[in-house]
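Student: I am new to this structure and should like to learn how to read it. May we proceed feature by feature?

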Amino acid sequence: MLRRVPRVVRIQPRDPEPSIVAEAAAVLASGELVAFPTETVYGLGARGLHADEVRRIFAAKGRPHGHPLILHVDGEAMARSLARDWTDAAARLAAAFWPGPLTLVVPKGASVPAEVTGGLDSVGLRCPDHPVAQALIGAVGEPLAAPSANAHMHVSPTSAAHVVRSLGDRVALVLDGGPCSTGIESTVVDLVGSPPRVLRPGALSLDRLREVLPDIVFEATVVEGDGPRTSPGQAAKHYAPSAPLTLTPSGEATFETVRSAVHDGQRVAAIVWSPGIGDRLRQTIDAAEGPAMVLVLPDDAEAYARELFHALHTVDEARCDRVVVERVPETEAFWAVSDRLARAART
Ligand code: TXA
Ligand code: MG
């Protein structure tokens with residue numbers, strides 16, 4: 001099948017060319033979608049105060065209406081203009097972590113279209129730490145509504161190539177600023193209720209949030225099926241490659257699961273982090289009991305997070321029957337990674 005591709009334009013990630021930024025802003029002003037890099041993942045952007053343009057994001061992703069979008073701002077002043085109430089907690093978090101991978105859910109201001117918030121009375125706001133995103137918001141002169149630039153439920157994009165693969169020409173223009181430095185989405189914090197609550201674990205750690213808000217709470221939840229949820233990131237299945245993904249206990253069990261799946265005639269991809277298992281699997285790769293592909297990710301949580309989505313895209317492209325992923329350590333440092341893997345493993 002011939003897949004139509006969008007226009008992809010390379011842009012300097014640290015010092016974006018003003019002419020390219022202006023062109024992207026003009027594409028947005030004409031009502032079309034532009035994918036752009038942030039430090040977390042690529043976003044699929046539309047002008048956030050234009051309801052009809054925001055609606056195009058849902059159509060392009062196949063995202064159900066009612067799943068709220070984040071508005072990306074260029075600083076606290078723009079954020080305040082979009083919030084009905086900018087609390088002391090919001091001001092302190094913004095001062096500590098913006099620009100950066102933190103989304104604040106606050107009471108929605110009157111200028112924010114209902115399309116952005118999925119009808120909720122709150123709005124998610126984030127100031128991204130990426131020169132391209134910042135320059136684009138500045139050139140457009142209003143917040144950009146942008147979810148991750150992938151088809152609904154699929155793996156989030158950490159490169160322009162991932163965006164093209166997932167969305168094809170459902171996006172008009174992709175700004176290619178190279179790979180994302182953080183590689184996993186922002187942490188979403190709900191400041192509407194009390195105490196403040198983490199809705200989605202992400203690139204900003206719980207430890208760092210607690211330094212500013214000691215009473216913040218986080219309960220890991222995976223909502224089954226279509227049950228009620230406060231955040232669509234809680235959808236049970238999400239971030240999944242098309243082949244079934246199995247999480248296995250770290251070490252020997254991973255090795256055995258791969259071996260028995262290969263024995264059953266399956267084309268298997270393995271994603272592991274413990275060095276011993278990686279070496280042993282690689283030694284078997286050309287043998288009859290070997291998997292089709294072995295990806296060894298770093299054992300450091302931040303480095304693992306940076307590479308995870310790329311690994312999931314890679315195994316997806318290799319069209320395996322089965323993906324076996326070695327469980328990551330149950331430490332707080334891996335909170336966002338564990339969350340994404342648990343959702344990717346849902347059937
Ligand atoms: O790092 C990121 O956050 C990336 C980049 C592009 O900024 N964006 C992203 O957007 O991951 P998306 O739409 O894939 O995820 C947005 C998350 C969802 O879990 C959504 O439920 C939550 O933010 N969210 C947004 N507004 C909300 C609101 N008013 N109430 C509750 N949750 C909200
Ligand atoms: Mg997403």
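Tutor: Let us begin with strand pairing: two strands pair if DSSP finds at least two bridges between them. Helices (H or I, at least four residues) and strands (E, at least two) are DSSP runs, numbered from the N terminus. This is a predicted model, in which local features need pLDDT of at least 70, side-chain atom pairs count only at pLDDT 80 or more, and totals for chains, interfaces and linings use all residues. Residues are numbered from 1 along each chain as its sequence is written, chains are lettered from A and ligands numbered from 1 in the order in which they are written, and side-chain values use heavy atoms, with hydrogens and water left out.

Student: Which residue stands opposite I271?

Tutor: I271 faces V325 in β14. The strands concerned, β12 (residues 268-272) and β14 (residues 322-326), are joined in the parallel sense over 4 bridges.

Student: In what order do the 4 strands of the open sheet lie?

Tutor: The order is β11-β14-β12-β13, with parallel pairing. At the edges are β11 (245-248) and β13 (293-296), each of which pairs on one side only. For angles, axes are lines fitted to C-alpha atoms, for helices over the stretch in contact, and the values run from 0 to 180 degrees between N-to-C directions. Neighbouring strands of this sheet are turned by 20 degrees against each other on average, direction ignored.

Student: Which strands does helix α9 lie across?

Tutor: Helix α9 (residues 252-263) lies across β11, β12 and β14, and runs at about 170 degrees to β14. Helix α10 (residues 275-283) also packs on the sheet; α10 touches β12, β13 and β14, and its direction makes about 160 degrees with that of β13. Contact here means heavy atoms within 4.5 Å.

Student: How should burial be read along a strand?

Tutor: Buried means under 20% relative accessible area, exposed over 50%, and partly exposed in between (1.4 Å probe, protein chains only). In a regular strand the side chains alternate between the two faces of the sheet. In β9, T187 and V189 on one side and V188 and D190 on the other are all buried, which leaves both faces covered.

Student: In which sense do β9 and β10 pair?

Tutor: They pair in the antiparallel sense over 3 bridges, and they form a hairpin with 6 residues between them. The bridge partner of D190 in β10 is R197. With β5, by contrast, β9 runs parallel, joined by 4 bridges.

Student: What does a salt bridge require, and how many salt bridges are counted?

Tutor: A side-chain nitrogen of Lys or Arg must lie within 4 Å of a carboxyl oxygen of Asp or Glu. The count comes to 18 salt bridges. One of them joins D190 and R197, with the closest N and O atoms 3.6 Å apart. Another joins R55 and E115, at 2.9 Å between the closest N and O atoms. This pair links distant parts of the chain, as R55 is in helix α2 and E115 in helix α5, 60 residues apart.

Student: Why are E76 and R80 separated by about one helical turn?

Tutor: An α-helix has 3.6 residues a turn, so residues three or four places apart point the same way. E76 and R80 are 4 residues apart in helix α3 (residues 76-82), and therefore about one helical turn apart. Their side chains meet in a salt bridge (3.2 Å, N to O).

Student: Which side chain of opposite charge is nearest to D176?

Tutor: Lys and Arg count as positive and Asp and Glu as negative, while His and the chain ends are not counted. The nearest is R10, 4.1 Å away; D176 is buried yet has no salt bridge. D176 belongs to strand β8 (residues 173-176), and its side chain reaches the backbone nitrogen of G178 at 2.9 Å.

Student: How should backbone angles be read?

Tutor: Most residues other than glycine have a negative phi, and most peptide bonds are trans. M153 has a positive phi of about 75 degrees although it is not a glycine. R319 likewise has a positive phi, near 50 degrees, and is found in the loop between α11 (301-317) and β14. A cis peptide bond joins W98 and P99, with omega about -10 degrees. The bond from S194 to P195 is also cis, with omega near -5 degrees.

How values were computed: A polar contact is a pair of N or O atoms within 3.5 Å; within protein, one must be able to donate a hydrogen and the other to accept it, and residues adjacent in sequence count only if both atoms are side-chain atoms.
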